[in-house]
Amino acid sequence: MTNYFPIHLNMEYKTVVIVGGGHVATQKVSSLLPAKANIVVVSPTLHDSLIPFAEAGQITWREKEFEPRDLDDATLIIAATNNTNVNDAVQEAAQHWQLFNRADVQGESDFITPATVRRGPLVLTVSTSGASPALARKIKEDLAEQFDAVYEDYVCFLQQARLMISAQFDKGEQRRKALQALLEPSLLEWTRSGDIDRREAFLQQLLTGETR
């Protein structure tokens, strides 16, 4: 079994070419849209759920059969058709500097996409390296329940608070203590209950040097 190196890629404005326009392509597009990638789908037909994205300009649909030149500008390539011969052709055309993935053959990809839970800046990923996608989905569901929608606001607050503390204090013990204090459980509880005033008051105490 391949031991994949876990990494989060910055795909903003980089081109991803997905060959295939069916169910698998739909899943890949859904996962790539938040990354603001330049998504190109090459397929004679397009799944109904993808058509609105094409009409809105969120993806580029090349309504045609695959040709090697379709990969010219790609950083990532995903072979997502139900035709082994086409997927083989995509793999053959991919260059060594391009990251390649195919959905139909295990162990032939440069990368795999993990099951993902997104809560704003918080991204939780799960992978079994292809051993059991069903288990990865189950763990993803557990994580989605544990880290619910409240975490988006909570993590955004932590992000802003960290910037404010870093601007307020020079590197040193005081900054370290203030950043550590941001993990006070009450902050999450106040976020969940909507008690934003108490959360902000706590942050102001940290900024004036009153750490717990």
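Start by selecting Ile 7, which counts as exposed at 52% relative accessibility. Bear in mind as you click around that this is a predicted model. Ile 7 sits in the segment before β1 (15–19). Now add Phe 5, Leu 9 and Leu 99 to the selection: together with Ile 7 they form a nonpolar patch on the surface, with about 420 Å² of accessible area between them.

**Into the nonpolar cores**

Next, go inside. Select Tyr 154, Ile 165, Leu 182 and Leu 187, the residues with the most contacts inside the largest nonpolar core, which has 26 residues. To see what builds this core, colour the elements that give two or more residues to it: strands β6 (115–119) and β7 (122–126), plus helices α4 (133–146), α5 (150–168), α6, α7 (185–193) and α8 (196–207). Of these, α5 gives the most, with 7 residues.

Where does a second, separate core turn up? Try Leu 32, Val 41, Leu 50 and Ile 78, which are among its 16 residues.

Back to Leu 187 for a closer look. What is it in contact with, leaving aside its neighbours within four places in sequence? Show Tyr 154, Phe 157, Ala 181, Leu 182, Arg 199 and Phe 202, and you have the list.

**Rings**

Now show the aromatic side chains. A search of the whole structure finds 3 aromatic pairs. Zoom in on Phe 147 and Tyr 151: their ring centres are 5.0 Å apart and their planes stand at 65 degrees, so this pair is edge-to-face. Both Phe 147 and Tyr 151 are buried. Keep them on screen and bring back Tyr 154, because ring pairs link Phe 147, Tyr 151 and Tyr 154 into a cluster.

Then move to Trp 190 and Phe 202. Here the centres are 6.1 Å apart with the planes at 65 degrees, so this pair is edge-to-face too. It links distant parts of the chain: Trp 190 belongs to helix α7 and Phe 202 to helix α8, 12 residues apart. Trp 190 and Phe 202 are both buried. Phe 202 should look familiar, as you have just seen it among the contacts of Leu 187.

**Charges**

Finish with the charged side chains. How many salt bridges does the structure hold? The count is 11.

Select Arg 62, Lys 64, Glu 67, Arg 69 and Asp 70, which are linked in a network of salt bridges. Within that group, measure from Asp 70 to Arg 62: the closest N and O atoms are 3.3 Å apart. Asp 70 counts as buried, at 6% relative accessibility, whereas Arg 62 counts as partly exposed at 28%.

Now jump to Asp 104 and Arg 102, whose side chains meet in a salt bridge at 2.7 Å, N to O. Which partner is buried here? It is Arg 102, at 5% relative accessibility, while Asp 104 counts as partly exposed at 37%.

The last stop is helix α6, where Glu 173 and Arg 176 are 3 residues apart and so are separated by about one helical turn. These two form a salt bridge with their closest N and O atoms 2.6 Å apart. Glu 173 counts as partly exposed at 44% relative accessibility, and Arg 176 is also partly exposed, with a relative accessible area of 44%.

Terms used: Residues are numbered from 1 along each chain as its sequence is written. This is a predicted model: local features need pLDDT of at least 70, side-chain atom pairs count only at pLDDT 80 or more; totals for chains, interfaces and linings use all residues. Side-chain values use heavy atoms; hydrogens and water are left out. A salt bridge is a side-chain nitrogen of Lys or Arg within 4 Å of a carboxyl oxygen of Asp or Glu. Buried means under 20% relative accessible area, exposed over 50%, partly exposed in between (1.4 Å probe, protein chains only). Helices (H or I, at least four residues) and strands (E, at least two) are DSSP runs, numbered from the N terminus. Patches are made of residues with over 30% relative accessible area and no salt bridge: like charges are joined within 9 Å, nonpolar side chains (Val, Leu, Ile, Met, Phe, Trp, Tyr) within 5 Å. Accessible areas come from the Shrake-Rupley method with a 1.4 Å probe; for residues, only the protein chains shown count as cover. A nonpolar core is a set of buried Ala, Val, Leu, Ile, Met, Phe, Trp, Tyr and Cys residues joined through side-chain atoms within 4.5 Å. Contact means heavy atoms within 4.5 Å. Rings of Phe, Tyr and Trp (its six-membered ring) pair if their centres lie within 6.5 Å; planes under 30 degrees apart count as stacked, over 60 as edge-to-face and the rest as tilted.
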